[in-house]
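Colleague: I am new to this structure and should like to understand the reasoning behind the terms used for it. May I put some questions to you?

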Amino acid sequence: MSTFRAEYKAQMNGFCDANCKTTAEDILKRAKEKSMSGKNENETDNVVDFTERKTKKKAWKALIPAACFLLISTTALAATGHLEELFRNIFKDETTAEIVEEGYLYEIHQTQEEDIFKSELVAVTGDAATPKLVFDVYVSDEQVVRNNDQIRMLAYVLGEEQYENELDKYGPWEAYGQKDEEIPNLYHVSMTGPSVWMTSGDPVVVDILQINVDLQNELWTTYETNMVYHFTPPTELYHPVSDAYYEDMKFSYGGIDYYLNNATFGVYRSELGFQYDFVGTTFAGKETDYAVLEEKLHSNWLEFVDSLVLVVDGKEYKVNPDDKGYTWCDVKGEAIGKNRCGIYPSFPSVDYENAESVILKAGDTSYTLK
């Protein structure tokens, strides 16, 4: 067992010995008393709710080896001060582990419960371009726990105004939860969220709308949920990024002129922002309907972006193969201009602040970014 796991286990055993005097018999007794009492739904106490939930008719029941943990209001790893080890050991995310060690962390500890799930939004971390949310999800169904080393979560992450009035315009974010090595019915989830809402300093709403299990099967078991969290993350909680803006940096490919407008250099990735017009180009001919050309425009982009090279102090970086960007177009002129298109590919993270030279090139065309 690793030093961390041994320390973790010792600390939590001590915590439970000192604070968790509830036995399995106590839990069952208290649950029966609660079911007989007609308790007001707004009241709370420190036992697991055994009443049946609406969707799957699954009863909340403690898995006895983890009974004590289910009664603790804060996440075990956060309580022991080792959230960075969660990223390092469970998520295999060394970058975020180092960010947490540097103190870029905002703890939230809000808990919601529905069906067979009890979910805690533990904390927010990441950098100003790639914020991350950390969830702990307890599952009360023994068969689900036994059959699943992973769960899949979908959640809306929006500003309050967008959540309350424009929800139909947005899609959910996706993440997979990993089973804890010590607590059998606990899954840890790290979800990347949208920087536009999460780093503004304004209130944020997170709504877990779906959890999937039985992922090894072709047909997942889907639980529709509505576990909603409200919080306001301070802007200074995120690791800083470097933003740069450019003019007149044109790359031409396949009859389209792509203009580099901006770049964001963070600890997770370097994101470049391009814009282009298609109406009136040799590529489009007489066609003015973006929907007709979308697939063809994206194919042209994929060919072009593979030719881009980011050169930092002589070292070359190619576009991240799983994040080449997808072309979109402002067909109504609501954001960047009517029929103007934008696209944001990602390259590996580089140390922009300390770099002496940053160059972007494609074929015979190159521009100095720093």
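Modeller: Let us begin with two helices of this predicted model. Helix H5, residues 83-90, packs with helix H6, residues 94-101, at an angle of about 170°, and their axes are 8 Å apart.

Colleague: Why are H5 and H6 called roughly antiparallel?

Modeller: Angles over 145 degrees count as roughly antiparallel. The angle here is about 170°, and H5 and H6 are therefore roughly antiparallel to each other. On the side of H5 the contact is made by Leu 83, Glu 84, Phe 87 and Arg 88, and on the side of H6 by Glu 94, Thr 96, Ala 97, Glu 98, Val 100 and Glu 101.

Colleague: How do the residues of the contact of H5 with H6 divide?

Modeller: They comprise 4 nonpolar, 1 polar and 5 charged residues.

Colleague: What makes H5 mostly covered?

Modeller: A residue is buried when its relative accessible area is under 20%. In H5, 6 of the 8 residues are buried, and the helix is described as mostly covered. The buried residues are Leu 83, Glu 84, Glu 85, Leu 86, Phe 87 and Ile 90. Just after H5, Lys 92 takes a positive phi of about 55°.

Colleague: Why is strand E6 described as largely enclosed by the rest of the structure?

Modeller: Strand E6 covers residues 186-192, and 6 of these 7 residues are buried, so the strand is largely enclosed by the rest of the structure.

Colleague: How do you know that strands E3 and E5 pair with E6?

Modeller: Two strands pair if at least two bridges are found between them. Strand E3, residues 131-139, is joined to E6 by 7 bridges, and strand E5, residues 173-179, is joined to E6 by 3 bridges. Both numbers satisfy the criterion, and E6 runs antiparallel to E3 and to E5. Val 189 in E6 stands opposite Phe 135 and also opposite Gly 177. A hairpin through 6 residues joins E5 to E6.

Colleague: Why is Gln 275 called buried?

Modeller: The cut-off is under 20% relative accessible area. Gln 275 has a relative accessible area of 14%, so the residue counts as buried. Gln 275 lies in strand E12, residues 269-277.

Colleague: What makes the approach of the Gln 275 side chain to those of Asn 261 and Arg 340 a polar contact in each case?

Modeller: The distance limit for the N or O atoms is 3.5 Å. The side chains of Gln 275 and Asn 261 are joined at 3.4 Å, and those of Gln 275 and Arg 340 at 2.7 Å. Both values fall within the limit. Leaving aside residues up to four places away in sequence, Gln 275 touches Asp 257, Tyr 258, Tyr 259, Asn 261, Ile 336, Arg 340, Cys 341 and Gly 342.

Colleague: What makes E14 and E19 the edge strands of their sheet?

Modeller: The sheet is open and has 4 strands in the order E14-E13-E18-E19, with antiparallel pairing. Strand E14 (315-317) and strand E19 (365-368) each pair on one side only, and they are the edge strands. Neighbouring strands of this sheet are turned by 25° against each other on average, direction ignored. Strand E13, residues 308-312, pairs with E14 over 3 bridges in the antiparallel sense, and Val 312 stands opposite Lys 315 in E14.

Colleague: How many helices and strands does the protein chain contain, and what percentage of its residues count as buried?

Modeller: The chain has 10 helices and 19 strands, and 48% of its 370 residues count as buried.

How values were computed: Residues are numbered from 1 along each chain as its sequence is written. This is a predicted model: local features need pLDDT of at least 70, side-chain atom pairs count only at pLDDT 80 or more; totals for chains, interfaces and linings use all residues. Side-chain values use heavy atoms; hydrogens and water are left out. Axes are lines fitted to C-alpha atoms, for helices over the stretch in contact, and angles run from 0 to 180 degrees between N-to-C directions. Helices (H or I, at least four residues) and strands (E, at least two) are DSSP runs, numbered from the N terminus. Angles under 35 degrees count as roughly parallel, over 145 as roughly antiparallel, 65 to 115 as roughly perpendicular and the rest as oblique. Contact means heavy atoms within 4.5 Å. Ala, Val, Leu, Ile, Met, Phe, Trp, Tyr, Cys and Pro count as nonpolar, Asp, Glu, Lys and Arg as charged, and the others, Gly among them, as polar. Buried means under 20% relative accessible area, exposed over 50%, partly exposed in between (1.4 Å probe, protein chains only). A polar contact is a pair of N or O atoms within 3.5 Å; within protein, one must be able to donate a hydrogen and the other to accept it, and residues adjacent in sequence count only if both atoms are side-chain atoms.
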